[in-house]
Structures are given as C-alpha cells and as structure tokens.
Amino acid sequence: MGRSIGVLATHYIWVGVVEGTQLGSVRMYPEPGALLDLKSMPADDFMARIREQIALVRGGGPIDSVGVGLPGIVRDGVVDDSPNLGQLKGLHIAAQLAAGLREDGLDAPVVALNDADALAAGLAATRGTLHDFLRVWYLGDGIGFGRYPRIAGVWEGGHTVISLDPKERFCGCGGEGHLEGIMGNRAMRLRFLDMEPEEVFAAARQGDGRAQDFVKLWHRALAAGTATSIHLEGPGRFYISGPNADFVDLGLLGAYLQDMVKMSPLQGSFFEVVPTSHDLALIGAAVSSTMRQ
Ligand SMILES: [Zn+2]
C-alpha cells in the first residue's frame, strides 16, 4: 500500500502519514494552547511551517503524494479565496509546496483541495464507499460543504441562498440570504447579541419563544440548502459534522426536507451525524492526493 501525507489547515496545521486508509503518526502546529493565530501568519511562514511538520512526521521515509485541505475555494492547486485564511488568497499552494518539498528532499506530487471535500473523501475512504457519491455539511464558525468524489467546480454550498429576506445579511462573506448567515456561529452571535450559540439552543429547549423560532429557522435553512443540492445533483447521503452538529434534530430536519423535495425520483436522501474529527479530513486529503488525474 502507498504511503502519503495529509495536511489540514484550519485553526491549526495538522499533518499525518496515511498508509492506504490508515492514519499513522500525526503532528499539529502550533501546540494546543499556544497563543498563535494562523490567521495572522504570513503565507511564507505558513508554508514553511507545513514543510517543517511534513519533514518531522515523515521521518525520511518514502512518500508517494501529499494532499492539503484548506478552507475556501481551492481550484487547480490555487487558493482562489479563503475568508478564514485571507493571506493565502491567490497562493499557488500545490506548486509552491511541491517545490519546497523538493528542496527538503521529497519529490512528490501535491494536491490541494477544500477542507470539507477532504472530510468527504475521508468519510468515503474509512467507510469503504470510495465508489459512491456522498456529501457532507460541516457546521462551525462557517458552513462547509464537501462532496465526494471531487469534481471541477466551486461548490460553496455554505453560501447557498436560502432566504429572500434582505435583512438576512449575517454571512461572513457579506452576501444576503446565505445558509451560513443563519447557521454559522458568527451569524448566530450577530443575531443574538447577548447569547452564545449553545445558549440559544438551550433557551429553545427551556421554552424561549424567540429561540425556538430561530431553532426552527436554523433547521429549515439546512433543509433548504440540502434541497437545493438534491435538486441540482440528485438525492443521496448527507453527513453532518462539525462542532454544531450536536444541535441537529434529525427528525425535524428530515421533516422539513420532505416538505421541500417532492418529485419522486428525488426522494430517498438521508442524513447521518458523524463525530467531528481532524483524522478523517487528514485521511481524506491524503487519499485524494493518490487519486489525482
Ligand atoms: Zn455567504
């Protein structure tokens, strides 16, 4: 079995060795609790830290390929845009990292992909469904949408327009009526200025009317984003991951989706909540790098 490296850059840089679909040793940078924010790290430093971590985790052994998962629009090895890691915008990360690794004595192809696509690939790989189609929602500060298999396109599903109300403008990208503008943590904090997202869901359970209305809206928004995906690409499996997956009521979500998708060939989708894990995205990034064309 081949040995590849998966890299995931979110709040931390994670690097792991993957053999087949098995994750071996993993490193993260910076150390947990360190007062260092990747958002403020210049792109050159960011690349240098990735190279260091790869050298450490690899230990001089042979590596077939490297896959890097990043938030934002990542196409053809280039970070077209990344609202959460803005310094990377325009970076030819695949080519630059491959060149840097050659200097470090590692000549291996590098594939860059969206972090939610890496998660989708990790789910497919670890569940033995590499021949099937699956989608994943990542519910956190932003709303990620991943798809496996990866195909050409943008796939910013978190910015699906799910409302025509011009007051719905809390999305991190600034666009009106977006899914993330309802569901994302930043958006929830802007809507409930004095409450954290978990407090909103707790208040709803305790009978607070405003919070209950919002929890319904939150679920309807996710159903609407999913319904749009179904109307474009057909029914199928939708995994739900991320820190806010715990807030999901699958019964409520399924009922709203049924109201929104009525044509008989489009029936039969289902949701499954999966535990959030960086390991899955690392495996997915590495496995994706072995599937390059
Ligand atoms: Zn948006």
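Helix axes are lines fitted to C-alpha atoms over the stretch in contact, and the angle between two of them runs from 0 to 180 degrees between N-to-C directions. The exercises below concern a predicted model.

**Exercise 1. Determine how helix H3 is oriented relative to helix H9, and which residues make the contact.**

Solution.
Step 1. The axes of H3 (residues 115-126) and H9 (residues 278-290) come within 6 Å and cross at roughly 90 degrees.
Step 2. Angles of 65 to 115 degrees count as roughly perpendicular. H3 is therefore roughly perpendicular to H9.
Step 3. On the H3 side, the contact is formed by Asp 115, Ala 118, Leu 119, Ala 120, Ala 121, Gly 122, Leu 123, Ala 125 and Thr 126. Their partners in H9 are Leu 280, Ala 281, Ile 283, Gly 284, Ala 285, Val 287 and Ser 288.
Step 4. Sorted by class, the contact of H3 with H9 has 11 nonpolar, four polar and one charged residues.

**Exercise 2. Describe the crossing of H7 and H8, including its hand.**

Solution.
Step 1. The axes of H7 and H8 (residues 250-260) come within 8 Å, and the crossing angle is roughly 50 degrees.
Step 2. This angle makes H7 oblique to H8.
Step 3. The crossing is right-handed.
Step 4. H7 contributes His 219, Arg 220, Leu 222, Ala 223, Ala 224, Thr 226 and Ala 227 to the contact, while H8 contributes Leu 252, Leu 253, Tyr 256, Leu 257 and Met 260.
Step 5. The contact of H7 with H8 comprises nine nonpolar, two polar and one charged residues.

**Exercise 3. Identify the buried residues of H6 and establish where they lie around the helix axis.**

Solution.
Step 1. In H6 (residues 197-205), the buried residues are Pro 197, Val 200 and Phe 201.
Step 2. These residues lie on the same side of H6, because they cover an arc of only 95 degrees around the axis.
Step 3. Among the elements covering them are helix H5 (185-191) and helix H7 (209-233).
Step 4. After H6 comes Gly 207, which has a positive phi near 100 degrees.

**Exercise 4. Locate the cis peptide bonds that precede Pro 30 and Pro 149.**

Solution.
Step 1. Most peptide bonds are trans.
Step 2. Tyr 29 and Pro 30 are joined by a cis peptide bond with omega about -10 degrees. Pro 30 belongs to the loop between strand E3 (22-29) and helix H1 (43-58).
Step 3. Tyr 148 and Pro 149 are likewise joined by a cis peptide bond, with omega about 0 degrees. Pro 149 sits in the loop between strand E9 (143-148) and helix H4 (180-183).

**Exercise 5. Asp 76 and Trp 155 each have a positive phi. Decide for each whether it is buried or exposed.**

Solution.
Step 1. Most residues other than glycine have a negative phi.
Step 2. Asp 76, which is not a glycine, has a phi of about 50 degrees; its place is the loop between strand E5 (73-75) and strand E6 (78-81).
Step 3. The phi of Trp 155 is about 60 degrees, and this residue lies in the loop between E9 and H4.
Step 4. A residue with 12 or fewer other C-beta atoms within 10 Å is exposed, and one with 20 or more is buried. Asp 76 has 10 such atoms and is therefore exposed. Trp 155 has 20 and is therefore buried.

**Exercise 6. State the burial of Gly 60 and the distance from Gly 60 to Pro 149.**

Solution.
Step 1. Gly 60 is in the loop between H1 and strand E4 (65-70).
Step 2. Gly 60 is exposed, because 8 other C-beta atoms lie within 10 Å.
Step 3. Gly 60 and Pro 149 are separated by 89 residues in sequence and by 31 Å in space, C-alpha to C-alpha.

Technical notes: Residues are numbered from 1 along each chain as its sequence is written. This is a predicted model: local features need pLDDT of at least 70, side-chain atom pairs count only at pLDDT 80 or more; totals for chains, interfaces and linings use all residues. Helices (H or I, at least four residues) and strands (E, at least two) are DSSP runs, numbered from the N terminus. The arc is that of the directions from the helix axis to the C-beta atoms. Two residues are in contact if their C-beta atoms, placed from the backbone, lie within 7 Å. Angles under 35 degrees count as roughly parallel, over 145 as roughly antiparallel, 65 to 115 as roughly perpendicular and the rest as oblique. A crossing is left-handed if the near helix is turned anticlockwise from the far one by less than a right angle, and right-handed if clockwise. Ala, Val, Leu, Ile, Met, Phe, Trp, Tyr, Cys and Pro count as nonpolar, Asp, Glu, Lys and Arg as charged, and the others, Gly among them, as polar.
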